[in-house]
Amino acid sequence: MKKITLLFVFLMTTAIFLAQEQPFYATMDATDAIELQKELPDDIQIIATKQNQSAVFISEEAAHTLHRNVLTHGPGYVFKASKEKALQAIEPKVPKTERRVLDFTINQDAAVAEALDLVEAQNIEDQILELQAYGTRYHTKPQAEQSVLDLKDKWEAMAQAANRDDVSVRIVNHVNTGMPSAVMTIEGAENPDEFVIIGGHIDSTAPGSGNNTAPGADDDASGISTITEVARVLFETDFVPNRTVEFMAFAAEEIGLVGSAEIAEEYSNNNVNVIAYVQFDMTNFPGSANDVYITTDSYNSNDLNAYLIELMEYYNGASSEHEITYGTTACNYGCSDHFSWADNGYEAAFPFEASFSESNPSIHTSGDTYDVTGDAFKAAKFAKLGLEFVIETAKSNTLSVSEISGLDFDFIVANKILNYKIKNSTDRLEKMAVIDVSGKQVLTATDLGQQGTISLESLSQGFYVAVFTTDANKKLTKKFIVN
Ligand code: BES
Ligand code: ZN
């Protein structure tokens, strides 16, 4: 073990640049670290453990083993640039509560309705095919950098075609990878200091020298193409956000969230007020019964998760032309770039393509190609959810509260009693359903009139969404927590 330690130190001092080529510091689940140490005792040093997270010094071989394990829901790791950063990362987090703006509302019906009709799966398919055609986007390969530069051009052309001088695209260079990231910004018209961000990673991987062939169609050309379609539709509808909206394509996620970690840390250091971050990583493999799986890992925001569910209940119900069915799943580790945002104290969520165990088995191989997922029908649903999220959190500067369901509605939950009241309208409430986070209907009530109370005594602790339907078939949704 001592010899290996010396070798590690030697390697670290001779080459410091590219994480994957040399042993490096990382954090990972403590039990995974112990398992890995059993399997590869000479390739991992556990430096310290706090709660269930370990700071480790790990070899390239062990990192590859982790990646292989991920295919059968194994552990993951998060790259750290130094021992100090690894140790710091396992310290308990102090939430940056002063940044949180949890008043997520739904009232942009007209803008959302217009946007949903414009989503085209074909655009997503075209871009996935473009991205997989690079052959590899592994972070050390020239094709990876080229794909980012080309994406910048594509985003710029889209903004230019829409005559947007409130849009800019920039390249972000990194310390721990030679590959850059790309960021497109729509500056907020009213509150430019408040940020709403959607992102995904543009790099890909496959084992060993197989990195020469790493098409990464689902992981994660699908996510990049999904957020590009969101932007395209926003431009087509001339959406001018009140808050600043950003689209991010991260470098080097596959070697430990490198690009997103540097950007999220920089935002945090500069006290950038990110209201919410949503990750799109793998949006097109129809492996499970539902369309979208909300990940419920502890570092994700429960509020943001409940809000995404509320959006789907409101805009994508069973009778809707834009139906989206959903369930929940979990990675059980920091499995994608949203972790970098959560790790820096921001509200983050990760809606995913399938339940974790039924997700695309071809990822991280030369077989992660578009034909495995079929058409982009599935990713189009994620683009719709992305549009609902961006339009409702950033809010339109031109359209105010919707005409469709702009009802004045009081809704309060306290002591397991729900109070409701419709004001300034003759509309009456026909029925109400309470949905839990797995999408199950757990309570219903009918004939509610204009005001009243409903007992929630039967509900256990958790997050719920109440969906009210009026006699004019308008929908009102409210999320609430039972403590
Ligand atoms: N898209 C995957 C993460 C993923 C895979 C989520 C399967 C759910 C199911 C992502 O690109 C990835 O490979 N992440 C790494 C994370 C790591 C390097 C920090 C992983 O899971 O090993
Ligand atoms: Zn991956």
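This report walks through a predicted model of a protein chain with a bound ligand.

## The chain as a whole

Let's start with the broad view. The chain has 483 residues, and 58% of them are buried. Its secondary structure adds up to 13 helices and 20 strands.

How much of the contact map comes from residues 24 or more positions apart? Counting contacts with a separation of 6 or more, such pairs account for 76%. As for the surface, the chain exposes about 19,600 Å², with carbon and sulfur atoms supplying 48% of that area.

## Two nonpolar cores

The largest nonpolar core holds 91 residues. The members that touch the most others are Met 28, Ile 58, Trp 155, Ile 198, Phe 235, Phe 247 and Phe 389. Helix α13, spanning residues 377-394, is the top contributor here, giving 10 residues to this core. Apart from it there is another core, made of 28 residues, including Leu 257, Ile 263, Tyr 333 and Tyr 346.

Ile 58 is a handy place to look inside the 91-residue core. Setting aside neighbours within four places in sequence, Ile 58 is in contact with Pro 23, Phe 24, Ala 26, Met 28, Leu 36, Asp 43, Ile 44, Ala 63 and Leu 66. One of those partners, Met 28, is also among the core members with the most contacts to other members.

## Around ligand 1

Now for the ligand. There are 19 residues around ligand 1, and Tyr 77, Glu 253, Asp 281, Tyr 333 and His 364 come nearest. Tyr 333 also belongs to the 28-residue core. By type, the shell splits into nine nonpolar, six polar and four charged residues.

Which atoms of ligand 1 pair up with polar atoms of the protein? An oxygen atom of the ligand sits 2.9 Å from a polar side-chain atom of Glu 254. A nitrogen atom of ligand 1 is 2.8 Å from a side-chain N or O atom of Asp 281. With Cys 335 the backbone does the job: one of its N or O atoms lies 2.9 Å from a nitrogen atom of the ligand. On its own, ligand 1 would expose 520 Å², and the protein buries 99% of that.

## A buried glutamate

One more residue to click on is Glu 229, which is part of helix α8 (residues 217-236). Is Glu 229 buried or exposed? Glu 229 counts as buried because its relative accessibility is 2%, and the cut-off for buried is under 20%.

Leaving out residues up to four places away in sequence, Glu 229 touches Leu 118, Val 119, Glu 120, Asn 123, Ile 124 and Ala 383.

Methods. Residues numbered from 1 in each chain as written. Chains lettered and ligands numbered in written order. Predicted model: local features only at pLDDT ≥ 70, side-chain atom pairs only at ≥ 80, totals over all residues. Heavy atoms only, no water. Core = buried A, V, L, I, M, F, W, Y, C linked by side-chain atoms within 4.5 Å. Buried < 20%, exposed > 50% of the residue type's maximum accessible area, 1.4 Å probe, protein only. Helix = DSSP H or I, 4+ residues; strand = E, 2+ residues; numbered from the N terminus. Contact = heavy atoms within 4.5 Å. Near = heavy atom within 4 Å. Polar contact = N/O pair within 3.5 Å; in protein donor to acceptor, adjacent residues only side chain to side chain. Areas by Shrake-Rupley, 256 points an atom, 1.4 Å probe, with all protein chains shown as cover. Nonpolar A, V, L, I, M, F, W, Y, C, P; charged D, E, K, R; others polar.
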